[in-house]
Protein chains: 2
Amino acid sequence: MTYGEKLEALGPPTRRAIFEKLREGPSSVGRLAEGLPVSRPAVSQHLKVLKDAGLVVEARRGTERIYSLDTEGVSALRDYFDGFWDDALSAYKRSLEASDA
Amino acid sequence: MTYGEKLEALGPPTRRAIFEKLREGPSSVGRLAEGLPVSRPAVSQHLKVLKDAGLVVEARRGTERIYSLDTEGVSALRDYFDGFWDDALSAYKRSLEASDA
DNA sequence: GCCATGCGTAAGTATTGACTTACTTAAGGC
DNA sequence: GCCTTAAGTAAGTCAATACTTACGCATGGC
């Protein structure tokens with residue numbers, strides 16, 4: 001559930017493709033697999049990683065499992081890069097001041 | 001230079017560690033390698049990936065090469081997740097309205 | 001010119017992990 | 001109770017890649 005786990009989860013292209021498909025809304029596993037060049041079990045495995053990383057959530061509806069984006073996880077990543085950006089800026093300012101001196 | 005390339009670059013833990021070290025400010029390759037459990041050439045290889053992805057920039061100073069965060073690249077990732085979050089929210093709203101009806 | 005320093009590059013290895021097929025489990029319709 | 005549908009699990013394979021050591025290349029001081 002750390003951002004490290006989240007970033008690692010979003011590395012592989014196929015897993016990122018699944019993640020981005022969910023951007024359009026919740027979906028069942030089978031429907032996700034239809035639009036991808038990999039088997040359904042592969043999609044299941046990727047979804048497990050995304051779920052463990054806190055990027056998607058699972059809901060059961062009959063025999064289907066509906067996956068959706070975990071908005072908290074996504075916003076956590078946004079915040080992570082937000083803070084990064086500030087830090088980088090201050091570091092740059094410091095290094096500029098240092099080279100000026 | 002796409003966000004896909006950037007996310008893929010930040011997947012491996014060691015590469016992410018390098019990236020986060022640069023958060024504290026610019027650094028030479030050797031100094032980066034000192035604080036990491038891998039060899040200096042390994043750090044060089046990771047830096048090349050990060051540079052190709054548009055996440056770090058390189059500057060030469062004498063025989064040293066100073067690497068710094070590419071603020072544009074980092075803010076691009078932040079924007080990426082920002083947009084994602086909005087889309088997810090609207091998708092959720094749509095699906096909620098659908099299940100209400 | 002020569003040596004030292006700091007890095008990138010090449011080549012080879014070994015581990016990781018993304019994928020497959022086959023099987024098991026769970027839920028719903030008849 | 002049985003069949004169908006949907007999805008997770010297990011086991012095995014193969015390719016990608018994160019490392020290593022050895023080497024080559026540029027820059028700067030003497």
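1. Helix α4(B). In this predicted model, α4(B) comprises 13 residues. From its first C-alpha to its last, the helix reaches 19 Å, which is close to the 18 Å expected at 1.5 Å a residue.

2. Buried face of α4(B). Four residues of this helix, B:V43, B:H46, B:L47 and B:L50, are buried. They lie on the same side of α4(B), because they cover an arc of only 105 degrees around the axis. The spacing follows a general rule: an α-helix has 3.6 residues a turn, so residues three or four places apart point the same way. The partners of the buried residues are α1 (3–9), α2 (13–21), α3, β2 (56–61) and β3 of chain B, against which they pack.

3. Exposed face and end of α4(B). B:P41, B:K48 and B:D52 are exposed on the other side of the helix. Just after α4(B), B:G54 adopts a positive phi of about 80 degrees.

4. Surface near DNA strand C. This strand is surrounded by 21 residues, and the closest are A:S39, B:S28, B:G30, B:P41 and B:S44. B:P41 is thus among the closest residues to the strand and is also an exposed residue of α4(B). At least two residues each are supplied by α4 of chain A and by α3 (29–34), α4 and β3 (64–69) of chain B. The largest share, five residues, comes from α4(B). By class, the surface divides into seven nonpolar, 11 polar and three charged residues.

5. Surface near DNA strand D. Here 20 residues lie around the strand, with A:S28, A:G30, A:P41, A:S44 and B:S39 coming nearest. Two or more residues are given by each of α3 (29–34), α4 (40–52) and β3 (64–69) of chain A, and by α4 (40–52) of chain B. It is α4(A) that gives the most, with five residues. This surface has seven nonpolar, 10 polar and three charged residues.

6. Start of chain A. A:M1 is found in the segment before α1 (3–9) of chain A. Is A:M1 buried, partly exposed or exposed? A:M1 is partly exposed, because 13 other C-beta atoms lie within 10 Å, whereas the exposed class requires 12 or fewer.

7. Surroundings of A:M1. Leaving aside neighbours within four places in sequence, A:M1 is in contact with A:A53 and A:G54. A:R16 stands 15 residues from A:M1 along the chain, and the C-alpha atoms of the two are separated by 17 Å.

Conventions:
Residues are numbered from 1 along each chain as its sequence is written. Chains are lettered from A and ligands numbered from 1 in the order in which they are written. This is a predicted model: local features need pLDDT of at least 70, side-chain atom pairs count only at pLDDT 80 or more; totals for chains, interfaces and linings use all residues. A residue is near a molecule or strand if its C-beta atom, placed from the backbone, lies within 6 Å of it. Ala, Val, Leu, Ile, Met, Phe, Trp, Tyr, Cys and Pro count as nonpolar, Asp, Glu, Lys and Arg as charged, and the others, Gly among them, as polar. A residue is buried if 20 or more other C-beta atoms lie within 10 Å of its own, exposed if 12 or fewer, and partly exposed in between; C-beta atoms are placed from the backbone. Two residues are in contact if their C-beta atoms, placed from the backbone, lie within 7 Å. The expected span of a helix is 1.5 Å times one less than its number of residues. The arc is that of the directions from the helix axis to the C-beta atoms.
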